[in-house]
Amino acid sequence: MAALNFESATLKLSYVTGVNELGKTVLTSKTYRNVRPNLNASQLASVVQAISSLSSYPLHEAQQNETQSIEL
């Protein structure tokens, strides 16, 4: 029987840093590693709000990415 094993999770926050000469939004991002695997959506949202409040740029998007291995 196959199983998924959690390996790691990251949290990527994208910020709006300006507008280019063509009028398109310029984004920059920061990735945080070692995110705990047992956080629910509201806990992650609290973390995102706390971290993004430290930035002088407005938050555009937040993503959580998980890596899992498949055990056969």
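1. S52 is found in helix α1, and in this predicted model the residue is buried, with a relative accessible area of 14%. That value falls in the buried class because the cut-off for burial is under 20% relative accessible area. Two backbone oxygens lie by its side chain: that of V48 is 2.8 Å from a polar atom of the S52 side chain, and that of Q49 is 3.3 Å from a polar atom of the S52 side chain. When neighbours within four places in sequence are left aside, S52 is in contact with Y15 and L59.

2. The strands can be taken together. There are 3 of them, forming an open sheet in the order β2-β1-β3, and the pairing is antiparallel. Strands β2 and β3 stand at the edges with a single partner strand each, so one side of each is left without a neighbour in the sheet. From one strand to the next, the twist averages 25°. Helix α1 packs on this sheet and touches β1, β2 and β3, while its direction makes about 35° with that of β1.

3. The pairing of β1 with β2 deserves a closer reading. Strand β1 covers residues 3-19 and strand β2 covers residues 25-32, and the two pair in the antiparallel sense over 8 bridges. As a general matter, strands of a sheet pair through backbone hydrogen bonds, either parallel or antiparallel. Which residue of β2 is the bridge partner of S14? The partner is S29, and Y15 stands opposite T28, again in β2. In the hairpin of β1 and β2 there are 5 residues between the strands, and G23 takes a positive phi near 85°.

4. Y57 lies in the loop between α1, which spans 41-52, and β3. Is Y57 buried or partly exposed? The residue is partly exposed, with a relative accessible area of 41%. Not counting residues up to four places away in sequence, Y57 touches Y15, V16 and T17. Y57 and T28 are 29 residues apart in sequence, and their C-alpha atoms are 9.5 Å apart in space. Y15 thus links several of these points, for Y15 is touched by Y57, is in contact with S52 and stands opposite T28.

5. Q68 has its place in strand β3, which runs over residues 59-71, and β3 is one of the strands at the edges of the sheet. Q68 is partly exposed, with a relative accessible area of 38%. Its side chain makes a polar contact with the side chain of E66, at 3.4 Å. Once residues up to four places away in sequence are not counted, Q68 touches L4, N5, F6 and E7. Q68 and S8 are 60 residues apart in sequence, yet their C-alpha atoms are 7.2 Å apart in space.

6. Two remarks on the rings complete this note. The structure holds 0 aromatic pairs. There is, however, a charge placed over a ring: the charged end of K30 sits over the ring of Y32, 5.8 Å from its centre. The relevant cut-off for the distance is within 6 Å of the ring centre, and the K30 and Y32 value of 5.8 Å should be read with that limit in mind.

Note on methods:
Residues are numbered from 1 along each chain as its sequence is written. This is a predicted model: local features need pLDDT of at least 70, side-chain atom pairs count only at pLDDT 80 or more; totals for chains, interfaces and linings use all residues. Side-chain values use heavy atoms; hydrogens and water are left out. Rings of Phe, Tyr and Trp (its six-membered ring) pair if their centres lie within 6.5 Å; planes under 30 degrees apart count as stacked, over 60 as edge-to-face and the rest as tilted. A charge sits over a ring if NZ of Lys or CZ of Arg is within 6 Å of the ring centre and within 35 degrees of the ring normal. Two strands pair if DSSP finds at least two bridges between them. Helices (H or I, at least four residues) and strands (E, at least two) are DSSP runs, numbered from the N terminus. Buried means under 20% relative accessible area, exposed over 50%, partly exposed in between (1.4 Å probe, protein chains only). Contact means heavy atoms within 4.5 Å. A polar contact is a pair of N or O atoms within 3.5 Å; within protein, one must be able to donate a hydrogen and the other to accept it, and residues adjacent in sequence count only if both atoms are side-chain atoms. Axes are lines fitted to C-alpha atoms, for helices over the stretch in contact, and angles run from 0 to 180 degrees between N-to-C directions.
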